[in-house]
Amino acid sequence: MQPRQYPASPPSDVYLFGTCVIDLFMPQAGLDAVRLLEREGVTVHYPRGQSCCGQPAYSSGNPDQSRDVARSQMALFREDWPVIVPSGSCAGMMRHHWPELFHDDPALAQQARALSERIYELSEFLLNVLHVQYPAQPQANEDVVLHTSCGARREMGTRMHGVALVDDLPGVRRLEHVRESECCGFGGTFCLKHPDISGAMVADKVASACATGARRVVSADCACLLNIGHAAKQSGAPLVVEHMASFLWRRANGLAAGEEGQP
């Protein structure tokens, strides 16, 4: 993966691509992402026509359907502003695979390549573009484990951005677990096509996280959190999940879990 060149100064305006999973299942994460960006003086624009990045169709072997989705979404981000995505897997799809979808259409391929350079996963943007610093707030100490989605870790290379943000929070201790680098088993449609394998993978992930003694999993990917959280609940494991945006907002503002809609 080539090193990325970051803007010399923070932008005044950005787009937010909220993702369909956040929209349908974890809207608080999207709201907290907006709050984090606005806290740094950035104006956030949310195109109302946005829907999906096209990854489910793409990973299921349906490039034509994925191309239709990508084409409709690309048309929404006309201004030359960064596009912030609070999901590593969706950001990976938009940054790395959208250009591939239009390899036989030079005009659309160029548009996709230009847009791909403006795609940022949220934690990467907060750390390397906005250079955020969160003040110490009086609150209880908290142990957490991180989960980095496969797309965030292997396509976007953003694991260390989340690590740096969490490690910089006063009162937070990040514990590493032995299966941290492994997939949670969700994998989009993988969990539907191979439910037994998926179930075994997420069971291993939950057990590994619990073995650290931490009771909270933080991740920048909602789909992974839904999978891990459901598995923990079904097995009776004492583990709750929280999106990175919500966790950062809560800790930066001295809020206890359960305040401002947090889990």
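In this predicted model, Leu146 stands opposite Val218 in strand E7, and this pair is a convenient place from which to start reading the fold. Strand E7, which covers residues 216-219, is joined by 3 bridges to strand E5, residues 142-147, and the two strands run parallel.

From that pairing one can step outwards to the whole sheet, which is open, has 4 strands and follows the order E6-E5-E7-E8, with parallel pairing. Strand E6 (172-174) and strand E8 (240-243) stand at the edges and have a single partner strand each, so that one side of each is left without a neighbour in the sheet. Between neighbouring strands of this sheet the turn is 35° on average, with direction ignored.

A second point of interest lies on the surface, where Leu24, Phe25 and Leu226 make a nonpolar patch of about 320 Å². Of these residues, Phe25 is found in the loop that lies between helix H1 (20-24) and helix H2 (27-39). Phe25 has a relative accessible area of 54%, and it therefore counts as exposed, the cut-off for that term being over 50%.

The annotation can now be laid over these elements: UniProt, in an unreviewed entry, places the feature "domain: Cysteine-rich" at residues 15-95 and 144-228. Over residues 15-95, the chain is 53% helix and 10% strand, while the C-alpha atoms at the two ends of this stretch are 15 Å apart.

Terms used: Residues are numbered from 1 along each chain as its sequence is written. This is a predicted model: local features need pLDDT of at least 70, side-chain atom pairs count only at pLDDT 80 or more; totals for chains, interfaces and linings use all residues. Side-chain values use heavy atoms; hydrogens and water are left out. Two strands pair if DSSP finds at least two bridges between them. Axes are lines fitted to C-alpha atoms, for helices over the stretch in contact, and angles run from 0 to 180 degrees between N-to-C directions. Patches are made of residues with over 30% relative accessible area and no salt bridge: like charges are joined within 9 Å, nonpolar side chains (Val, Leu, Ile, Met, Phe, Trp, Tyr) within 5 Å. Accessible areas come from the Shrake-Rupley method with a 1.4 Å probe; for residues, only the protein chains shown count as cover. A salt bridge is a side-chain nitrogen of Lys or Arg within 4 Å of a carboxyl oxygen of Asp or Glu. Buried means under 20% relative accessible area, exposed over 50%, partly exposed in between (1.4 Å probe, protein chains only). UniProt positions are given in the numbering used here, feature names are shortened, and annotations may be inferred rather than shown by experiment.
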